[in-house]
Amino acid sequence: MKLRFPESEISYWADQYLQYCSNNEVQFQREMELTDRDIVDTVQQQGYLDRELLKEVATWKSPRRAGLIAENSEGYVREITGYALKSQDERVRWDILTQLKGIGFPTASAVLHLFHEAPYPIIDVRTIWSLSVDNYNYSFNYSFTFWQEYVAFCRALAERNNVDMRTLDRALWMYSKKKQQ
């Protein structure tokens with residue numbers, strides 16, 4: 001993986017994202033609600049997401065599939081998300097969330113990004129493109145090996161540039177939005 005733009009521009013592209021989103025009030029409001037410190041703290045303290053919050057995350061990340069969340073029982077959502085957030089095994093975190101109806105790997109990564117104590121990037125065709133991965137598409141095979149490499153690369157990039165994972169994710173997404181053909 002290789003960043004398509006200079007690392008010194010991460011903050012610039014993240015700021016461009018915020019400007020872009022401020023014109024899309026519904027989407028921006030949804031993100032601000034999901035990243036609200038009180039919500040994040042509550043999820044981390046209780047150790048799971050409820051079905052309604054999971055549906056909000058899915059609606060923000062992948063609106064087409066969000067309606068399927070209702071097919072999961074409240075108890076199942078709490079068990080699966082709780083197990084994913086508490087597990088010490090990276091593979092379990094990656095695999096378990098996709099057992100929920102309506103949750104693919106991109107939305108699972110959004111759950112980890114928003115609510116896990118460790119920094120996680122969101123995996124998305126836009127962010128992948130910004131990291132010079134050219135063999136992507138909407139049916140990209142999100143393997144666990146690729147996920148591990150992606151997480152390691154993004155964590156190192158964020159740390160090296162002293163930015164949080166949300167800032168990096170915004171920059172990667174926005175660069176692709178503006179530059180991808």
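This is a short tour of a predicted model, stop by stop, with something to select at each one.

**Stop 1: the nonpolar core**

Start by selecting Leu49, Leu97, Phe115, Trp147 and Leu168. These are the residues with the most contacts inside the largest nonpolar core, which has 57 residues. Now add helix 10, residues 144–160, to your selection: this helix gives the most to the core, with eight residues. As background, nonpolar side chains in soluble globular proteins tend to be buried together.

Next, centre the view on Leu49. Which residues is Leu49 in contact with, leaving aside its neighbours within four places in sequence? Show Val43, Leu54, Val57, Val77, Arg78, Thr81, Leu85, Val111 and Phe115, and you have the list.

**Stop 2: helix 4 against helix 8**

Two of the partners you just displayed, Leu54 and Val57, are part of helix 4 where it meets helix 8. Draw helix 4 (residues 51–61) and helix 8 (residues 105–115) as cartoons; their axes come within 10 Å and cross at roughly 115 degrees. The crossing of helix 4 and helix 8 is right-handed.

To see the side chains in between, select Leu53, Leu54, Val57, Ala58, Trp60 and Lys61 on helix 4, which meet Pro106, Thr107, Ala110, Val111, Leu114 and Phe115 on helix 8. Colour this contact by class and you should find 10 nonpolar residues, one polar and one charged.

**Stop 3: the cysteines**

Now select Cys21 and Cys154. Are these residues buried or exposed? Cys21 counts as buried because its relative accessibility is 5%, and Cys154 counts as buried because its value is 0%.

How many disulfides does a search of the whole structure find? The count is zero. Put a distance label on the two sulfurs to see why: the closest cysteine sulfur to that of Cys21 is in Cys154, 18 Å away, too far for a bond.

**Stop 4: helix 11**

Move on to helix 11 (residues 165–179) and pick out Met174. With a relative accessibility of 0%, Met174 counts as buried. Show Trp13, Gln16, Tyr17 and Tyr20 around it: Met174 touches these four residues, not counting those up to four places away in sequence. A C-alpha to C-alpha label from Met174 to Arg126 should read 8.0 Å, although the two are 48 residues apart in sequence.

Keep Arg126 on screen and select Ser176, which is also found in helix 11. Ser176 is buried too, with a relative accessible area of 0%. Which residues does Ser176 touch, not counting those up to four places away in sequence? The answer is Arg126, Trp129 and Ser130.

**Stop 5: two loops with positive phi**

Finish with the backbone on either side of helix 10. In the loop between helix 9 (125–130) and helix 10, select Ser132. Ser132 is not a glycine, yet its phi is positive, at about 65 degrees. This serine counts as partly exposed, at 30% relative accessibility.

Then go to the loop between helix 10 and helix 11 and select Asn162. Here, too, phi is positive in a residue other than glycine, with a value near 55 degrees. Switch on the surface and look for Asn162 there: this residue is exposed, with a relative accessible area of 72%.

Conventions:
Residues are numbered from 1 along each chain as its sequence is written. This is a predicted model: local features need pLDDT of at least 70, side-chain atom pairs count only at pLDDT 80 or more; totals for chains, interfaces and linings use all residues. Side-chain values use heavy atoms; hydrogens and water are left out. A nonpolar core is a set of buried Ala, Val, Leu, Ile, Met, Phe, Trp, Tyr and Cys residues joined through side-chain atoms within 4.5 Å. Buried means under 20% relative accessible area, exposed over 50%, partly exposed in between (1.4 Å probe, protein chains only). Helices (H or I, at least four residues) and strands (E, at least two) are DSSP runs, numbered from the N terminus. Contact means heavy atoms within 4.5 Å. Axes are lines fitted to C-alpha atoms, for helices over the stretch in contact, and angles run from 0 to 180 degrees between N-to-C directions. A crossing is left-handed if the near helix is turned anticlockwise from the far one by less than a right angle, and right-handed if clockwise. Ala, Val, Leu, Ile, Met, Phe, Trp, Tyr, Cys and Pro count as nonpolar, Asp, Glu, Lys and Arg as charged, and the others, Gly among them, as polar. A disulfide is a pair of cysteine sulfur atoms within 2.5 Å.
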